[in-house]
Structure formats: structure tokens, C-alpha cells
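Here is a friendly briefing to read alongside the coordinates. Keep the viewer open and follow the topics in any order you like.

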Amino acid sequence: MHSYLARQPILNKDKVTVGYELLFRDGPNNCFPDVEDELATNRLLINNFFTSGSSQVTAGKKAFVNFPESSLLQRTPLLFPKQSFVIEILESCTPSDALLEAVIELHKKGYTLALDDFVPSKDWLRFLPFIHIIKFDIRAIPIGRTRFFIQKYKKNNIKFLAEKVETYAEFIEASDAGFDLFQGFFFSKPEMIQSRSLTPSALTTMQLYQEICLPQVNFDNVEKIIATDVSLSYKLLRHVNTITSSKSKPISSFKQALVYLGEEKLRRFISFVAASHALAEKPQSLYSLSLQRANFCERLSVLVTPKIVSNQAFLTGLFSLLDSLLDQSIEELIEQLPLSAGIQAALVSKTGSLGIMLKLAMAYDQADWGKVSLYSKELGIDETNVAEVYVESLKWAAIIEKSSATK
């Protein structure tokens, strides 16, 4: 049996990822509203927490998991380690005496509890002393209306999370209103284009991207570019030494690293480190998402008929957030890169097989199961295979994210 899983980053005021909400569906039919919430929650927990004790797709960060009323009343969370996840009490739950009793027990045993899609009412007030996080959907309740409630209950050591934050302006407004945590896709859009010029690190990144987009990588050109940036050179050497055998002699020059990696690994290698290098002011989630999309598209490329060149699929996924990475429009940026017409069409207008693949990746990120089904059919790929590929790409990106965080 296969499962559908998507994750949505949760960030703090510094735009640092502190956790992921995990969204689960069990098979293609579960794309529809008649999904059984309890079954979905149980399968998600079993697949991600039961055997290993920590989620394989959250890079060691907290997982936010939706719990329906029946699971809470049955004390299902007690079967799993409290340090791994946050219990989200669904808005469909009834604030009954029985639910309050369950919440108090979970609170006493050290579990972190959150009220999902919260709508203030007197019926929920008695729950607040045992709640750690309150989530407001700012599409349903405007930020201005949440401000008074937040100010009143901040003293209870409750953290407030703004859901469906879609723009940088909303992020700033929510932060000013007192929200501590943020969930949405504001981080995947350019925050501001202050000028036409790129920062030194971003310029280096663009130059490296130009090289890896060519049919054949020129190692001498790559070495010259990296040699101009001491910080990047250091990161590259650190990174390559972590993936060599511990019995091998440490690599001390970038020339050695090039010889060790070879052309295809070098493309991936530059993608990992150069993007991260350009993200000093960006959330880690943005870097992780670009890599995850690249891996997802690359894995999908072999399932499409006719097959898509894997390197083109990888670059399409990687560059799908290039405007956010470098704070310039995608149209301006791709003019500077020797990309194929297919990749350009995918990035600008989401057309062609690569464009549909990119739309599929974006639909999965947003847990839009209807569009996932639509785009899977357009590509001629079985949804079960797509689900497996997506989960594998999440795990792959989580490994990279966790590795980067330790350096």
C-alpha cells in the first residue's frame, strides 16, 4: 500500500525553519474530501515515527500532525515519541469535556499541542492553559482581527502561528501583529528587487550556474570562478570531503575535488553549495525546496513517455525558485543562462512536458491533490509512482538539509 505525503515549512520571525506540517493521503482516491481523517493520521504516524522514532522527511525538525477528534479521545499520540511532533487539534473537533480531559493528559505528559484553524469562542477558552500554539488562517480571519486576541493571551506563553501567508507584506504585517510562527508560500516569491545588480555571492552563483547549464562543463572555468570566492571555496572543499570515504586522503584543492567528482556529480555539487552560499538572508526552506524539486523532477523524468533528459528535469526544478534565490525576475535571470527552450518555457510559462512536471511539483508542495491527479494524467504517470517519487525526494532533501545545518 502506498501513501501520499506533502510537507509545508513552518518558519519563525527570522525565517528559520523550525518544523514542517505533514499532510497525508492514502492512495489516489484519498485526493477527495471524503478522506477518513483518522486513517490518514494513523498511517502518517506509522510511516514516519513508529519505527525510527523521528521523521525521515523533516530533517530532524518538529513535525506538525493533524489529529481528528477520535484519535485524540483514543489517546493515539501516546503511542509516539513526544519530542518528534506537534499535535494539531483539528478545527472540526468539538470542545467537549472528554476532549478537554484528553488534552490535559497529553499536556501533563509533555506533548506539544496546537489549535488548528482557530476561531475564538468562549467554548475553547478553558482549553487555552494547556495549549502551546494557536494557528490562525489569515485568509479566514484577517490579521487585524487577530491582533487583540494575540495581545490578550501572549501572557499565557502561547505562540501564535499565521497560516496561508502568501506575500512578504503579509509576513511583515503578521509579525508586527505578534505572530511568532509562519506557514505559507511567501518565502518562495521574491521579497523585493532593490536593484538590477546582484550581490557578490549571488553573482558567483550565477556564473557557476552558467557553467553547469552547458552541455559540457569546463572544469578550468569552474575552478577560476570558485577561486574568486574564499568562503565558497572553503564550503566546497568541506562538502566534498564529507562525501569521500573516511579512509581516503583528504582533498585539499578544488582541482582534486573536480577530478574526484566528475562532470555529473559536479553539476549536483555546485547546485547544493552555490545556492546555499547565496542564501545568507533567505530561509533554509527555500534552498531545501529548490533541491527537493530538482530531485523530484529528475526522478519523474524517467517515468514520462517519451522520457525527458534527466539533467534538464533537474535544472527545471532547481531553477523554479531562482527568482526568489537571487531577488530578480525569472525572465531577467534566464536571459543570463544558456538554458534550452524547453526549460525556459517551463520556468516562464509552465508549458511543455517540463512545465507540467513543474506544476505537478508545485501542486504537491501545496497538497493540492486534485491538481496532482490532473498533472499526473497529463504526463501519463501513475499517481502511486508519483507519490513514491515525491516521498523519496523529500527524504533526499532532508538529508541534504540536515547535513548543511551541521557545517
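Is Lys350 buried, exposed or partly exposed? With a relative accessible area of 25%, Lys350 counts as partly exposed, because that value falls between the 20% and 50% cut-offs. Please keep in mind that this is a predicted model. The protein holds 17 helices and eight strands, and buried residues account for 54% of its 407 residues.

**Confidence**

- The mean pLDDT of the protein is 79, with 74% of the residues at 70 or more.
- Residues 26-35 have a pLDDT below 50, and this stretch makes 16 contacts in the model beyond near neighbours in sequence.
- Residues 192-197 also have a pLDDT below 50, and that stretch has eight contacts in the model beyond near neighbours in sequence.

**Contacts across the chain**

- Take the contacts between residues at least 6 apart in sequence: 64% of them join residues at least 24 apart.

**Nonpolar cores**

- The largest nonpolar core has 105 residues. The members that touch the most other members are Ile89, Ile134, Phe179, Phe319 and Tyr364.
- Apart from that core lies another one, of seven residues, with Val86, Ala114, Leu161 and Leu181 among them.
- As background, nonpolar side chains tend to be buried together in soluble globular proteins.
- Leaving aside residues up to four places away in sequence, Ile89 touches ten residues' worth of neighbours that include Phe67, Leu72, Leu99, Val103 and Leu113.- Further contacts of Ile89 include Ala114, Leu115, Asp116, Trp124 and Ile131.
- Ser71 sits in helix H2, residues 69-73. Ser71 is buried, with a relative accessible area of 0%.
- Ser71 and Ile89 are 18 residues apart along the chain, and their C-alpha atoms are separated by 9.9 Å.

**H14 and H15, with the loop between them**

- Helix H14 (residues 341-349) packs with helix H15 (residues 352-365) at an angle of about 40°, and their axes are 7 Å apart.
- That angle makes H14 oblique to H15, and the crossing of H14 and H15 is right-handed.
- On the H14 side, Gly342, Ile343, Ala346 and Leu347 take part in the meeting. They face Leu354, Gly355 and Leu358 in H15.
- Lys350, the residue in the opening question, is found in the loop between H14 and H15.
- Not counting residues up to four places away in sequence, Lys350 touches Ala345, Gly355, Ile356, Leu358, Lys359 and Met362.
- Ser320 is 30 residues from Lys350 in sequence, and the two are 9.9 Å apart in space, C-alpha to C-alpha.

**H10 against H15**

- How do H10 and H15 cross, at what angle? The axes of helix H10 (residues 284-301) and H15 cross at roughly 125° and come within 10 Å.
- H10 and H15 are therefore oblique to each other, and the crossing of H10 and H15 is right-handed.
- The H10 residues at this meeting are Leu289, Gln292, Arg293, Phe296, Cys297, Leu300 and Ser301.
- From H15 come Met357, Leu358, Leu360, Ala361, Met362, Tyr364 and Asp365.
- Two of these H15 residues appear elsewhere in this briefing: Leu358 also meets H14, and Tyr364 belongs to the largest nonpolar core.

**Helix H16 and what follows**

- Which residues of helix H16 are buried? In H16 (residues 369-379) they are Trp369, Val372, Ser373, Tyr375, Ser376 and Leu379.
- Gly380, just after H16, takes a positive phi of about 75°.

**Backbone details to look at**

- Thr305 and Pro306 are joined by a cis peptide bond, with omega at about -5°. Pro306 lies in the loop between H10 and helix H11 (310-319).
- Asn157 is a residue other than glycine with a positive phi, near 60°. Asn157 has its place in the loop between helix H4 (143-153) and strand S7 (159-165).
- Asn157 is exposed, with a relative accessible area of 67%.
- Lys164, also a residue other than glycine, has a positive phi near 60°. Lys164 is found in strand S7.
- Lys164 is partly exposed, with a relative accessible area of 44%.

Notes
Residues are numbered from 1 along each chain as its sequence is written. This is a predicted model: local features need pLDDT of at least 70, side-chain atom pairs count only at pLDDT 80 or more; totals for chains, interfaces and linings use all residues. Side-chain values use heavy atoms; hydrogens and water are left out. A nonpolar core is a set of buried Ala, Val, Leu, Ile, Met, Phe, Trp, Tyr and Cys residues joined through side-chain atoms within 4.5 Å. Buried means under 20% relative accessible area, exposed over 50%, partly exposed in between (1.4 Å probe, protein chains only). Contact means heavy atoms within 4.5 Å. pLDDT is the predictor's confidence in each residue, from 0 to 100. Axes are lines fitted to C-alpha atoms, for helices over the stretch in contact, and angles run from 0 to 180 degrees between N-to-C directions. Helices (H or I, at least four residues) and strands (E, at least two) are DSSP runs, numbered from the N terminus. Angles under 35 degrees count as roughly parallel, over 145 as roughly antiparallel, 65 to 115 as roughly perpendicular and the rest as oblique. A crossing is left-handed if the near helix is turned anticlockwise from the far one by less than a right angle, and right-handed if clockwise.
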